[in-house]
Amino acid sequence: MISSFLLALREGLEAALIIGVVLGTLRKIKQTHFSGSVWFGVGTAAFLSAVAALILNALGASFSGRTEEIFEGLVMLLAAGLLTWMIFWMRDQSRTIQTALEDDVQQAAQSGGQRALFMVAFLAVLREGIELALFLTAAAAVSNQQDTLFGAILGLAGAALLGWVLFATTVRLNLKRFFQITSVLLILFAAGLVAHGVHELNEVGWIPAVIEHLWDINPILDEKSTPGLMLKALFGYNANPSLTEVLAYFLYFGAVMLGLRRDTHLSAAAHHA
């Protein structure tokens with residue numbers, strides 16, 4: 001539930017910020033009569049995202065045995081890759097995304113384009129929604145559907161509330177710090193997805209385990225206990241992992257942190273240049 005809450009809060013807040021920028025720009029240029037087209041785009045994207053989530057879950061539920069393990073392993077690795085791309089993309093685009101959105105909205109409004117404004121909102125929210133559908137499918141594979149759904153609903157509700165506060169009041173949250181903290185947690189979650197995906201592919205023989213159980217600390221912290229299940233859902237905890245699981249976890253985590261550090265140095269160098 002914690003992982004799905006965090007994912008839904010992050011994705012939902014990104015979508016809420018985009019909607020807020022679009023509506024705020026329309027208010028600034030006194031073109032609020034286009035707001036209906038924006039909300040129609042948001043609603044359509046949300047509906048299609050929900051359909052995508054249902055299809056992915058139904059597809060996963062239709063598999064069993066070896067096919068289910070392959071499906072879950074591939075979904076987890078795909079979700080981890082998409083999460084990684086999202087973290088780097090948001091880091092790179094955070095400085096310019098608001099200006100770019102405002103320019104798009106102004107051009108669409110000046111051309112009298114209800115359809116153009118619909119598409120701006122639709123595509124922005126659909127991207128977040130499809131990403132979230134895939135992430136929740138991966139999260140449900142290491143938790144359960146009820147907890148995943150409940151966490152996602154709470155996360156989306158929290159994102160909607162924060163988005164409304166930012167749009168309707170003068171309150172200014174430290175969004176940079178929010179995204180920094182959630183990025184670290186999502187990197188840990190993605191590392192867990194990579195390790196768990198490798199575990200599933202170990203089971204079907206696609207990736208060799210090399211050493212089946214590198215260690216076994218179930219007597220200390222059982223992975224089926226409540227704390228163990230929470231750690232499994234959030235960070236991919238496995239009390240008796242294979243060698244390739246452990247290598248995948250630390251290689252992924254190390255590569256992403258080095259990539260983020262490199263980006264920080266490049267940004268600092270460009271700023272001082």
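**Entry 1: the whole chain**

I began with contacts in the protein chain between residues at least 6 apart in sequence, and found that 82% of them join residues at least 24 apart. A note to myself before going on: this is a predicted model.

Next I looked up the secondary structure, which comes to nine helices and zero strands. Reading along the sequence, I wrote down the pattern α-α-α-α-α-α-α-α-α. The radius of gyration is 21 Å, close to the 19 Å that the globule rule gives for 273 residues, so the protein chain is as compact as a globular protein of that length.

I also took the box along the principal axes: the C-alpha atoms fill roughly 65 × 50 × 30 Å. Of the 273 residues, 45% are buried.

**Entry 2: H1 beside H2**

I wanted to see how two helices sit together. Two packed helices are described by the angle between their axes and the distance between the axes. For H1 (residues 2-28) and H2 (residues 35-62), I found axes that come within 10 Å and cross at roughly 170 degrees. That angle makes H1 roughly antiparallel to H2, because angles over 145 degrees count as roughly antiparallel.

Which residues in H1 meet H2? I listed Ile19, Val22, Leu23 and Leu26 on the H1 side, and they meet Ser35, Val38, Trp39 and Val42 in H2. Sorting this contact by class, I got seven nonpolar residues, one polar and no charged ones.

**Entry 3: the loop between H1 and H2**

Lys30 lies in the loop between H1 and H2. Most residues other than glycine have a negative phi. I therefore paused at Lys30, whose phi is positive, near 60 degrees. Is Lys30 buried or exposed? At 69% relative accessibility, Lys30 counts as exposed.

**Entry 4: along H2**

H2 has 28 residues and reaches 41 Å from its first C-alpha to its last, close to the 40 Å expected at 1.5 Å a residue. I noted its buried residues, among them Ser35, Val38 and Val42, which I had already met in the contact with H1. Others on the buried list include Gly41, Ala45, Ser49, Ala52 and Gly60.

I then picked out Asn57, which lies in H2. At 24% relative accessibility, Asn57 counts as partly exposed. What does Asn57 touch, not counting residues up to four places away in sequence? I found Thr137, Ala140 and Gln145. Asn57 and Ala140 are 83 residues apart along the chain, and their C-alpha atoms are separated by 8.6 Å.

**Entry 5: H6**

I turned to H6 (residues 145-168), which has 24 residues. From its first C-alpha to its last, H6 reaches 34 Å, close to the 34 Å expected at 1.5 Å a residue. An α-helix has 3.6 residues a turn, so residues three or four places apart point the same way. With that in mind I copied down the buried residues of H6: Thr148, Gly151, Ala152, Gly155, Ala159, Gly163, Val165 and Leu166.

**Entry 6: from H7 to the end of H8**

Val210 has its place in the loop between H7 (175-203) and H8. Here I found another residue other than glycine with a positive phi, this one near 65 degrees. At 62% relative accessibility, Val210 counts as exposed.

In H8 (residues 226-235), I marked Gly228, Ala233 and Leu234 as buried. My last stop was Gly236, which follows H8 and has a positive phi, near 75 degrees.

Conventions. Residues are numbered from 1 along each chain as its sequence is written. This is a predicted model: local features need pLDDT of at least 70, side-chain atom pairs count only at pLDDT 80 or more; totals for chains, interfaces and linings use all residues. Side-chain values use heavy atoms; hydrogens and water are left out. Axes are lines fitted to C-alpha atoms, for helices over the stretch in contact, and angles run from 0 to 180 degrees between N-to-C directions. Helices (H or I, at least four residues) and strands (E, at least two) are DSSP runs, numbered from the N terminus. Angles under 35 degrees count as roughly parallel, over 145 as roughly antiparallel, 65 to 115 as roughly perpendicular and the rest as oblique. Contact means heavy atoms within 4.5 Å. Ala, Val, Leu, Ile, Met, Phe, Trp, Tyr, Cys and Pro count as nonpolar, Asp, Glu, Lys and Arg as charged, and the others, Gly among them, as polar. The expected span of a helix is 1.5 Å times one less than its number of residues. Buried means under 20% relative accessible area, exposed over 50%, partly exposed in between (1.4 Å probe, protein chains only). The radius of gyration is taken over C-alpha atoms; the globule rule is 2.2 Å times the number of residues to the power 0.38.
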